[in-house]
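Dear colleague,

I am passing on the structure below, together with an account of what turned up when I went through it. Please read the notes with the coordinates open beside them.

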Amino acid sequence: MPARSVLSGVHFMNGDEAIAEGALAAGCTFFAAYPITPQSEIAERLAFRLPRTGGVFIQMEDELAAMAAVVGAAWGGTKAMTATSGPGFSLMMENLGLAIMTETPCVVANVQRGGPSTGLPTAVGQGDMMQARWGSHGHYELISLCPSSPQEAFDLTVRAFALSERFRVPVLIMTDEVVGHMYERVEIPEEISEAPRRRPTGPVEGFLPYKPDEDLVPPMACAGEGYRIHVTGLTHDERGYPDMSAEAHDRLVRRLCDKITRAPEAYTWTEELFMDDAEVAVISYGISARVALGAVELARKRGIKAGLLRLITAWPFPDDVVRGVAERVQGMVTVELNMGQMSREVDRVVKGRVPLAGVYHPGGRIHRPDEVLRGIEEVMACR
Amino acid sequence: MRHEIRFAGFGGQGIVSAGRITGGAAVLHDGTHAVLTQNYGPEARGGACAAEVIVSDQPVDYPHITQPDALVIMSQEAYDKFSSRIQEGGLLLVDEDLVEYGERSDVKVVAVPSTRIAESLGRKIVANVVMLGALAAAWPAVSREAMLNAVLGSVPPHTKDLNQRAFEAGYDHVSKEAMHGAT
């Protein structure tokens, strides 16, 4: 294995570059992608850095192929990643499902821009949040993280690789154009612990590649290590062989979901600011959470006890955290650059306990704090 | 302490680079907080282009500038679009050969022939660094040493000498003008 390349020290770096450096620090040695604004800086940096550190960069013919190459590279034994924006994310959905079904550890970054379709190539959006959750067909669980700054983009990319190995699942970095293109201080530590792949230890003879450990995650034997493996998107048994029975399907899909949902403490991160005495909670994520914080400070100046609940983990949705906040406040406001996506989850969890408001627009620019303030005042008025 | 600046011109002039160097000077050399955001269209060159930098002793949440205390303007289009959006008493730095500007009593106008100076040094491409030298002399948010170090840290090694001369030329232009104005 080639040596890892960690660019320790303080940098003035944008979120895209921070994701690329986070991948390298986590031990990523394979990146396949197709360039797309506002993701291109990730690909550009890794195209420069990976060949110099013993890794592989491939510019694929499209995003279908990029995602397929990542699945193959992970089964070849590498830590693999791709990155894209909305239009490419749509093309990745089929093979993202393959990665989920085949329990392939990998990381996918989506630097969101305004959609649908080609939409706003150079301007911000957060309209892919539900696509991240349900974009591929079938029922499944995966993990999605939302950085609000270049520093967090670095930190969460490192964590994303560790989570993908622990759960053998794709982990999505759901960032956005503003965080991706925004330059800020990024401090990269001297030491970053590399999350190892869980390898089988038993004899080659009789090895079952999809027989899970106690935590429902099977160890992963990669191609060329001597263990027999069979990798298919068809419903399969513990040998990896197709089994078209409802029982086998139930067993597999249930385990693929349960292995994630049974361990929320491993991936659920939120941040609460000004929440101790808050009467209104503003819920947001990514770049919108920074605007929301500005609005919370404005509200406080006007005597409104507002606080911020920032979702760092979007999926699986932090039900318990949001429910806990709903029990402490008298109203909640969700702020996002779409016409209301994560707010549906808030609604589902809060179940009418408190009044809810949404501050939405479909992207092209971030909110202004005064727009969010109006949402806070609206929900205060209907207490 | 909080300062906001907008750099504006057209793509290819090094507008975003100038913003990145300014933010880098603050973060890497002065040890303060800085955020750079940028606006540009799908074109590679020639389109309108702007970079916004906030320099602050506190972490910055809302990342866009609201009322800048400095503008660096390198095209007429940028002047027409942005020149009124500045704090009263702020600093308006223009490339005097590229921008026609009227009398301004509300702001301090500093005119620098940055593209012409850059051409006299042999490379038009360093006009943005001439402007950064001028900025370092006229704007208190970033120190001269920090700005120069950030310039030298972000240009290709074989162009360091040229860029240093461009920086000094811009800095001296403003310093001399200030001395001249004082006498």
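A starting point inside chain A is Phe31(A), which is buried, with a relative accessible area of 0%. Please keep in mind throughout that this is a predicted model.

The ring of Phe31(A) is paired with that of Phe57(A): the centres are 5.9 Å apart and the planes stand at 15 degrees, so the pair counts as stacked. Phe31(A) belongs to strand 2 of chain A and Phe57(A) to strand 3 (residues 56-59), so that the pair links distant parts of the chain, 26 residues apart. Unlike the buried Phe31(A), Phe57(A) is partly exposed, at a relative accessible area of 23%.

The search of the whole structure gives seven aromatic pairs over all chains. Another of them is formed by Phe12(A) and Tyr183(A), whose rings are tilted, with 5.8 Å from centre to centre and 35 degrees between the planes. Since Phe12(A) lies in strand 1 of chain A and Tyr183(A) in strand 9 of chain A, this pair ties together parts that are 171 residues apart in sequence. Both residues count as buried, Phe12(A) with a relative accessible area of 10% and Tyr183(A) with 6%.

These two residues lead on to the interface. Where chain A meets chain B, 21 residues of chain A are in contact with 18 residues of chain B, and the area buried between the two chains is about 1600 Å², 65% of which comes from carbon and sulfur atoms. On the side of chain A, the residues that lose the most area to chain B are Phe12(A), Tyr183(A) and Arg290(A), which together account for 38% of what that side buries. The count of salt bridges between chain A and chain B is zero, whereas four residue pairs are found in polar contact across the interface, with both partners at pLDDT 80 or more.

As for the elements involved, strand 1 (9-14), helix 7 (177-181), strand 9 (183-188) and helix 9 (286-301) of chain A each supply at least two residues of the side that touches chain B. Helix 9 of chain A gives the most to that side, with six residues. Sorted by class, the side of chain A that touches chain B has 10 nonpolar, six polar and five charged residues.

The backbone deserves a separate look. Most residues other than glycine have a negative phi, and most peptide bonds are trans. Against that background, a cis peptide bond joins Thr37(A) and Pro38(A), with omega at about 0 degrees, and Pro38(A) sits in the loop between strand 2 (30-33) and helix 2 (40-49) of chain A. A cis peptide bond also joins Trp315(A) and Pro316(A), with omega at about -10 degrees; here Pro316(A) is in the loop between strand 13 (313-315) and helix 10 (319-328) of chain A.

Positive phi values occur at Glu103(A), where phi is near 55 degrees, and at Lys351(A), where phi is about 50 degrees although the residue is not a glycine. Glu103(A) lies in the loop between helix 4 (86-101) and strand 5 (106-114) of chain A, and Lys351(A) in the loop between helix 11 (342-350) and strand 15 (356-360) of chain A. Their surroundings contrast, in that Glu103(A) is buried, with a relative accessible area of 0%, while Lys351(A) counts as exposed, at 63% relative accessibility.

Finally, the positions of Val111(A) and Met339(A) may be worth inspecting on screen. Val111(A), in strand 5 of chain A, is buried at 0% relative accessibility, and, leaving aside residues up to four places away in sequence, its contacts include Pro38(A), Ile42(A), Thr175(A) and Gly180(A). Its C-alpha atom is separated by 8.3 Å from that of Thr37(A), although the two residues are 74 residues apart along the chain. Met339(A), by comparison, is found in the loop between strand 14 (331-336) and helix 11 of chain A and counts as exposed, at 58% relative accessibility. With the same sequence neighbours set aside, Met339(A) touches Tyr360(A), His361(A) and Pro362(A), and the C-alpha atoms of Met339(A) and Thr157(A), 182 residues apart along the chain, are separated by 27 Å.

With kind regards

Technical notes
Residues are numbered from 1 along each chain as its sequence is written. Chains are lettered from A and ligands numbered from 1 in the order in which they are written. This is a predicted model: local features need pLDDT of at least 70, side-chain atom pairs count only at pLDDT 80 or more; totals for chains, interfaces and linings use all residues. Side-chain values use heavy atoms; hydrogens and water are left out. Contact means heavy atoms within 4.5 Å. Buried area is the accessible area (1.4 Å probe) that two parts lose on being put together, summed over both. A salt bridge is a side-chain nitrogen of Lys or Arg within 4 Å of a carboxyl oxygen of Asp or Glu. A polar contact is a pair of N or O atoms within 3.5 Å; within protein, one must be able to donate a hydrogen and the other to accept it, and residues adjacent in sequence count only if both atoms are side-chain atoms. Helices (H or I, at least four residues) and strands (E, at least two) are DSSP runs, numbered from the N terminus. Ala, Val, Leu, Ile, Met, Phe, Trp, Tyr, Cys and Pro count as nonpolar, Asp, Glu, Lys and Arg as charged, and the others, Gly among them, as polar. Buried means under 20% relative accessible area, exposed over 50%, partly exposed in between (1.4 Å probe, protein chains only). Rings of Phe, Tyr and Trp (its six-membered ring) pair if their centres lie within 6.5 Å; planes under 30 degrees apart count as stacked, over 60 as edge-to-face and the rest as tilted.
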